[in-house]
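Here is a protein model to question. Take a look at it before reading on.

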Amino acid sequence: MAAQTLRMTALGAVLALGLAGCGGDGAGGSSNSADAAPEDLTIGVSMPTETSERWIADGAAVESQLEDAGYQVDLQYAGDDIPTQSQQVDQMITQGADLLIIAAIDGTALSSQLDAAAAEGIKVISYDRLIRDNENVDFYVSFDNYKVGVAQGTALLTGLGLLNEDGSPGTATGPFNIELFAGSLDDNNAGFFFNGAIDTLQPFIDDGTLVVKSGQTEIDQAATLRWDQATAQRRMDDLLTRSYNDGSVVNGVLSPYDGISRGIITSLQNAGYGAADKPIPVVTGQDAEIASVKLIADGVQNSTIFKDTRLLAEQAVIAAEAFLEGDTPEANDTTTYDNGKKVVPSYLLPIQTVYKDDIQSVLVDSGYWSADEVAKGQADD
């Protein structure tokens, strides 16, 4: 990910021109940090895992932009292990972090850490995954996650030919067999993704154009713990064995994340899909991971939802800067994200659907991936 990190560092340098020289207010290390120079302040950044390209990119982007703004950064990855993340956040607090940016593994598992942070005056920014059931979440930066689900549902309908890319009715009539996958239930975003997609697909299910042959239409049936690729592959294997042993075929699969998509695709290929007489179903995705972008370029995966982590990192830095100056970050949503204890003020970023024809304009021209990386399906070292 070195080339990716350099790209993010360059973007962070631009942002730093507008951020450098500001102080901060209130946090663990000092009760008077508004008068402190950025280099005297430390921001703890807790990311869930390094097994996903997406979270590696997020961590690198947040770290580089904070460092370019002059702050000390304590970046930790938790290896998808909840106790590890809890311990890492505890350590950040005890070592005097002045602010925390947390992408939680389990959005309900950090209450004691948030209480400890609040007791020390440390502001907490929830990063992309909303931390739930605690009032000490001060701000949330994310994308419009319901719209992500709508876009995924729309991409599935478009891939099947039921809709055109402009949203007008397509020429296909169905019926089409589809299966549904959801994310990890301990991630608040999974529900938004699934609900947005189901709201989009439901009219076609109701009129029989789409048939969920397995009958598994509820989120708890479709969920994939930890968004794990191997878990998704095993479930797809089971669906094929149980519901498609009569010679029928799957025409489309709603997938909420590229790693899950690749597990689904592997299962389908192992079952003979991809041959001339048995094409790969339409499979959606999310996060524009380079391996899946390559699959889209090759006509294997249908689409992905691009969420520019560089922009998300930028908003996290802007929010952090505001808190450390003693100000309140600007929110563009103050009604949607109720974490069970409070409606958390949020800044939501837009998303883009990427089909094969969009790779160059959306991902390559923006510098997110290079043409060479897309061709290889691998990030440059």
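What follows is a short exchange about a pocket and some strands.

This is a predicted model, with pLDDT of at least 70 needed for local features and 80 or more for side-chain atom pairs, while totals for chains, interfaces and linings use all residues. Residues are numbered from 1 along each chain as its sequence is written, and side-chain values use heavy atoms, without hydrogens and water.

Reader: Which helix gives the most to the lining of the largest pocket?
Author: A pocket is an open set of 1 Å grid points, over the protein atoms alone, where a 1.4 Å probe fits, with protein on both sides within 12 Å along at least five of seven lines; lining residues have an atom within 4 Å of a point. Helices are DSSP runs (H or I, at least four residues), strands likewise (E, at least two), numbered from the N terminus. Helices 2 (53–68), 6 (188–206) and 9 (258–270) each supply at least two lining residues. With three residues, the top contributor is helix 2.

Reader: How many residues of that lining are charged?
Author: The lining has 26 residues, with Ser52, Trp55, Arg226, Trp227 and Tyr257 nearest the pocket centre. Charged means Asp, Glu, Lys and Arg; Ala, Val, Leu, Ile, Met, Phe, Trp, Tyr, Cys and Pro are nonpolar, and the others, Gly among them, polar. Five are nonpolar and eight polar; the charged ones number 13.

Reader: Which strands stand at the edges of the open four-stranded sheet?
Author: Strands pair if DSSP finds at least two bridges between them. The order is 7-6-8-9, with parallel pairing. Each edge strand has a single partner, so one side is left without a neighbour in the sheet: these are strand 7 (210–212) and strand 9 (282–283).
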